[in-house]
Amino acid sequence: MKRKDILGIKDLGKSEINEILAVAKTMRESLIAGERVPYLHGKSVATLFYENSTRTRNSFEIAAKNLGATTTSISVATSSVQKGESLVDTGKTLDALRTDIIIIRHPVGGSARLLAETVRASVINAGDGMSEHPSQALLDVMTAQRHFESLAGLKVVIVGDIKHSRVARSDTLAFTALGAQVTVCAPYTLMPVGMEELGATVETDFDKAVVGANIIMPLRLQRERMDQAYFSTLEEYREYYGVTEKRVRRAADDAIVMHPAPINRDAEISGEIADGGRSVIEEQVTNGVAVRMAMLQLLANKGGEL
C-alpha cells in the first residue's frame with residue numbers, strides 16, 4: 001500500500017482491501033499468540049476523538065501498542081478545542097509534535113479528509129459523521145472470511161438505522177467489492193437516498209429480506225443523531241425489524257450474526273441471538289484489533305515488506 005491515508009472504503013481498490021486483510025490475518029496470529037510485533041517502534045500515534053467511543057478507540061490504542069508505537073490519547077473535552085481551536089490547527093499542532101499517524105473520529109462527514117489534506121502525518125478515519133467507518137467494514141469482512149470460504153455470492157443483510165449509519169455505507173462498499181450481495185433493510189424513515197448507488201439492494205420488509213441470508217447485521221438505533229421521530233415506539237420497531245430467533249430461522253443454515261456494537265439488547269437484537277451460537281460479535285472485537293494493526297503497519301511502512 002503506497003497511500004498516505006485511509007479515509008474510506010470508497011478510496012480503496014479491491015487489491016488494497018485484500019492487502020489489508022492479508023496483513024490482518026498475520027497480525028491476528030501474533031495477537032492470539034500474545035506476541036508483540038514492533039513494526040512501529042519509534043513511531044508516534046495519536047487518537048483524536050471528537051465523539052465518544054469505547055471499542056474503536058481502545059482497539060486502535062491496543063493495536064498501536066502491540067506494534068511498539070508511542071501512543072497519545074487526546075481528550076477533546078479538555079483540549080484547546082474547547083477554547084475554539086479548529087480541527088486544522090489541532091492537526092498542525094500534532095504535526096509539530098512529529099506525530100506519524102493521527103486516528104480521528106468526528107461528528108461531521110468529511111472531517112478526516114480535511115485533516116488529511118492539511119497535515120504531514122498519515123490519517124485514519126475512525127468514523128466521520130454519517131459518512132464512513134472503514135476499519136469497522138474491514139473487520140466485518142475479515143470476520144466473514146473466517147466463516148465462509150469465499151464471499152462471492154453470499155447474501156449480506158444489514159438491517160436497522162441505515163440512515164444514520166456510516167457502518168452501513170462502508171460495509172456495503174467492502175462486501176460488494178469482494179463479490180457479496182448486500183441488502184439494506186429499514187423502514188422508509190430510516191432508509192437514506194443513494195444506497196443503490198453504493199451497490200446495495202433496498203428492502204423495507206425484513207421478513208422477506210432475511211430469507212436465505214448468510215450474514216445478518218443489525219444496527220444500533222443512533223438516537224443521538226436523530227432530530228425527529230423515525231418510528232412510533234421501540235416495541236413496534238422491534239416487532240418489525242428486530243433480529244430474533246424466529247427471523248434467524250428464515251436465514252441460511254450457515255448464517256452468522258454480526259453487530260458493530262454497542263448492542264441495545266432486546267431492541268435491534270434479542271439477547272438469545274446476541275449470546276447464541278450464531279453470534280460472532282466477540283470475534284469481531286478481536287478481529288478489530290488485528291485489522292487496525294494491519295492498517296497502522298501498512299501506513300507506517302508505506303508498502304514495505306513485513
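In this predicted model, R98 counts as exposed because its relative accessibility is 56%, above the 50% cut-off. The residue turns up in the loop between α3 and β3. Its backbone is a bit out of the ordinary too: R98 is not a glycine, yet its phi is positive, near 65°. For context, most residues other than glycine have a negative phi, and most peptide bonds are trans.

A261 shows a similar backbone quirk, with a positive phi near 65° in a residue that again is not glycine. Its relative accessibility is 22%, so A261 counts as partly exposed; the range for that label runs from 20% to 50%. A261 sits in the loop between β9 and α10. What follows A261 is also worth a look: the peptide bond joining A261 to P262 is cis, with omega at about 0°. P262 is likewise found in the loop between β9 and α10, the latter covering residues 271-274.

Moving on to the sheets, one of them is open and has four strands, ordered β2-β1-β3-β4 with parallel pairing. At its edges are β2 (70-75) and β4 (122-128), each of which pairs on one side only. From one strand to the next, the twist averages 15°. Helix α3 (residues 87-96) packs on this sheet and touches β1 (44-49), β2 and β3. The direction of α3 makes about 160° with that of β1. Within the sheet, β3 (residues 101-106) and β4 are held in register by five bridges in the parallel sense. One such pairing puts I102 together with V123, its bridge partner in β4.

There is also an open sheet of five strands, and here the order reads β7-β6-β5-β8-β9, once more with parallel pairing. The edge positions go to β7 and β9 (256-257), each pairing on one side only. Starting from the β9 end, β8 (residues 215-218) pairs with β9 in the parallel sense over two bridges. I215 has I256 as its bridge partner in β9.

Further along the sheet comes β6 (residues 181-185), a mostly covered strand: four of its five residues are buried. On one side, β6 pairs with β5 (residues 155-159) in the parallel sense, over five bridges. Here V156 stands opposite V182 in β6. The connection between these strands involves helix α6 (residues 166-177), and β5, α6 and β6 together make a right-handed β-α-β unit. As for β7 (residues 201-203), three bridges join this strand to β6, and the two run parallel. V184 has V202 in β7 as its bridge partner. As a general point, the side chains in a regular strand alternate between the two faces of the sheet.

Finally, there is a helix-helix contact to describe. Helix α2 (residues 55-66) packs against helix α11 (residues 281-301) at an angle of about 60°, and their axes are 8 Å apart. That angle makes α2 oblique to α11, since it falls short of the 65 degrees at which roughly perpendicular begins. The crossing of the two helices is right-handed. On the α2 side, the contact is made by T56, S59, F60, I62, A63, A64 and N66. They meet G288, V289, R292, M293 and L296 in α11.

Notes
Residues are numbered from 1 along each chain as its sequence is written. This is a predicted model: local features need pLDDT of at least 70, side-chain atom pairs count only at pLDDT 80 or more; totals for chains, interfaces and linings use all residues. Side-chain values use heavy atoms; hydrogens and water are left out. Buried means under 20% relative accessible area, exposed over 50%, partly exposed in between (1.4 Å probe, protein chains only). Two strands pair if DSSP finds at least two bridges between them. A crossover is right-handed if, with the strands pointing away from the viewer, the path from the first strand over the helix to the second runs clockwise. Axes are lines fitted to C-alpha atoms, for helices over the stretch in contact, and angles run from 0 to 180 degrees between N-to-C directions. Angles under 35 degrees count as roughly parallel, over 145 as roughly antiparallel, 65 to 115 as roughly perpendicular and the rest as oblique. A crossing is left-handed if the near helix is turned anticlockwise from the far one by less than a right angle, and right-handed if clockwise. Contact means heavy atoms within 4.5 Å.
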